[in-house]
Amino acid sequence: MNLPVVQARLAEADVARIERAAAYVETHDTDQVLAELLPSLTSAERADVSRHLVFDHTAVLVFPDSLDGLREELRRLGLEPGPVTPSVVVRDRLTRRYGPALAGIPVGIVHVAVGGRSVEIFALPVSPDSALEAVAADEREAEHESHHAFAVTAPGPVVPAGLRLLLQERGGAVPDGGGYNGHENVTVLYHRTTTHRRFELRLPGRHDPLPDPTTALLTVMTGAWATQAVATMAELNIADHLADHPGMSAERLATLTSTHPDALRRLLRYLTSLGLLTSADGTYHLTATGQPLRTGTEFSLHPLAQLYGGPFYDSFAGLTHSVRTGQEAFAHRHGQHHFPYFAQHPELGSLFHRAMAASAEMFTPVPTLIDFSAVREVVDVGGGNGALLGHVLRAHPHLEGVLFDRPDALEAARTQLTERCTFVTGDFTRSVPEGGDVYLLSRVLHDWDDERCLTILGRCAEAMRPGAQLLVVERLLPTPTAVAWDVHMLCNVGGRERDEAHYTRMLAEAGFEVRGCHDLPLGASLIDAVRATPS
């Protein structure tokens with residue numbers, strides 16, 4: 001006896017969505033899809049990425065009344081479907097989104113060939129008048145599972161790892177789950193773009209999945225724990241002990257640091273998970289990431305770790321106040337602005353100046369990026385401990401220097417700059433020493449709002465002859481480092497980070513012409529400007 005053929009039915013809305021997906025697949029290639037999804041990638045980057053992956057398909061989720069007869073329904077629409085296979089990843093995503101009631105309902109996958117690519121159709125059976133009609137309505141509107149997919153053509157883990165990093169850091173793509181589908185022997189890794197569109201990387205075989213959104217959020221939320229763990233590592237001089245005695249046990253290290261052995265072991269395990277240490281056979285070693293926490297080394301970040309885990313950490317507890325009011329949280333919590341507070345607390349002032357010296361690595365290229373051969377005098381405005389001026393003077397013995405700052409700031413510099421340097425106290429919002437050939441403004445402008453910056457630049461312009469050079473060192477948006485520091489400046493001093501165009505506008509308003517911009521270490525930049533001839 002012949003059994004009747006079951007004919008699944010698709011709603012008109014789902015048919016239209018399949019047809020739109022097929023039209024897109026037919027008219028777009030890999031470069032076009034990448035350009036739409038990740039517009040921040042340059043054409044050269046897209047071309048390089050396209051060497052390792054290809055646009056494979058576009059996916060939609062539809063809701064037939066049954067999986068039986070689905071292929072016949074698609075043929076009726078003029079399509080050529082492949083076999084229906086079970087979905088694992090999408091079924092799990094739907095279950096997390098709508099609850100365990102969907103866990104036992106099969107989700108099918110069927111590919112429809114379109115040219116050399118395909119439309120991937122996910123099918124969740126929803127019978128008429130079912131409670132799942134609400135799920136279907138929500139999914140059709142939100143398009144949670146619609147995406148474009150790229151097949152990674154390079155075998156092994158190295159190229160896929162590099163692609164994932166590039167697409168996230170340069171393309172702005174955010175991981176959005178995924179997993180391994182044993183029915184197809186493929187790992188799918190979902191991403192969401194800055195415009196809330198989704199794409200998928202398809203990797204043959206089993207690969208480590210990206211963190212699910214909840215786990216990723218928890219990792220971000222515990223960032224404060226990492227800050228304090230690193231600060232404690234600095235406070236206990238763990239990096240110094242392990243540098244002197246590699247492979248030390250937790251018990252021996254506890255004796256040297258006067259700490260509780262079990263508590264220290266737990267801290268060391270956490271620092272290992274953060275990548276600052278490695279452990280083997282009950283002993284611990286510094287990694288390259290942990291090395292900068294050693295003291296007495298050039299560009300040691302030891303004081304910076306203490307500053308971040310101390311007063312700066314405390315001020316971030318008032319971030320909500322800063323966001324609500326636009327005012328710095330430091331003054332809200334301590335009763336006065338960052339700089340006078342540190343001046344009244346010498347131990348914090350000393351820590352601050354040592355921390356600023358810790359990031360002096362960013363200054364190392366400056367003496368060779370700029371031609372100082374015809375320069376006689378360099379004036380460092382608000383130069384603090386004189387780290388930048390010191391780099392310039394040591395590289396060019398014919399130069400004389402002037403370090404201009406508050407009295408408490410200059411104290412930190414007098415032991416560092418002992419030759420060819422004059423120390424001048426003052427307030428750069430009122431006046432700046434005259435007569436210099438090159439003026440330096442290093443990490444000064446980001447401490448202040450635009451109005452105060454224009455005042456500082458105006459005082460520099462008044463002191464400079466036409467043609468004199470102004471070198472500005474700052475972090476420029478939109479680099480990730482500057483984005484984070486922008487919030488830090490809001491919280492701690494009421495200042496801000498800016499992009500190059502913003503600085504160029506302010507410099508022009510104050511009477512300067514920008515001649516170029518150079519990248520520096522640690523995410524910093526050097527803006528090269530000259531005093532224009534006054535009109």
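A pocket, as the word is used here, is an open set of grid points where a 1.4 Å probe fits, with protein on both sides within 12 Å along at least five of seven lines, and its lining residues have an atom within 4 Å of a point. The model on display is predicted.

**First stop: the largest pocket**

Select A226, T227, V230, L304 and Y308. Among the 21 residues that line the largest pocket, these five lie nearest its centre. The volume of this pocket is about 790 Å³. Next, colour helices α9 (223–235), α13 (302–309), α14 (311–316) and α23 (480–492), each of which supplies at least two residues of the lining. The greatest contribution comes from α9, with five residues. Colouring the lining by class shows 17 nonpolar residues, four polar ones and no charged ones.

**Second stop: helix α13**

Keep α13 selected and display its side chains. H302, P303, L304, A305, L307 and G309 are buried in this helix. Because six of its eight residues are buried, α13 is largely enclosed by the rest of the structure. To see what surrounds the helix, add α9, α14, α17 (338–344) and α18, against which the buried residues of α13 pack.

**Third stop: the second largest pocket**

Now select A357, A358, N385, A387 and Q416, which lie nearest the centre of the second largest pocket, out of 22 lining residues. Helix α13 appears again here: along with α18 (346–358) and α20 (387–395), it gives two or more residues to this lining. The space in the second largest pocket comes to about 490 Å³. Its lining comprises eight nonpolar, 11 polar and three charged residues.

**Fourth stop: the eight-stranded sheet**

Switch to a ribbon view and follow the strands in the order β2-β3-β4-β1-β5-β8-β7-β6, which form an open sheet with mixed pairing. At its edges stand β2 (85–86) and β6 (174–181); each has a single partner strand, so one side of each is left without a neighbour in the sheet.

Within the sheet, select residues 53–62 (β1) and 147–152 (β5), which pair in the antiparallel sense over six bridges. Which residue of β5 is the bridge partner of H57? The partner is A149, and displaying both residues marks this point of the pairing.

**Last stop: helix α2**

Finally, select residues 30–37. This is helix α2, which lies across β1, β4 (117–123), β5 and β8 (198–204). Viewed against β5, helix α2 runs at about 125 degrees to that strand.

Conventions: Residues numbered from 1 in each chain as written. Predicted model: local features only at pLDDT ≥ 70, side-chain atom pairs only at ≥ 80, totals over all residues. Heavy atoms only, no water. Pairing = 2+ DSSP bridges. Helix = DSSP H or I, 4+ residues; strand = E, 2+ residues; numbered from the N terminus. Contact = heavy atoms within 4.5 Å. Axes fitted to C-alpha atoms, helices over the stretch in contact; angles between N-to-C directions. 1 Å grid on protein atoms, 1.4 Å probe; cavity = no way out; pocket = protein on both sides within 12 Å on 5 of 7 lines; lining within 4 Å. Points joined across faces, edges and corners; volume = space filled by probe spheres on them. Nonpolar A, V, L, I, M, F, W, Y, C, P; charged D, E, K, R; others polar. Buried < 20%, exposed > 50% of the residue type's maximum accessible area, 1.4 Å probe, protein only.
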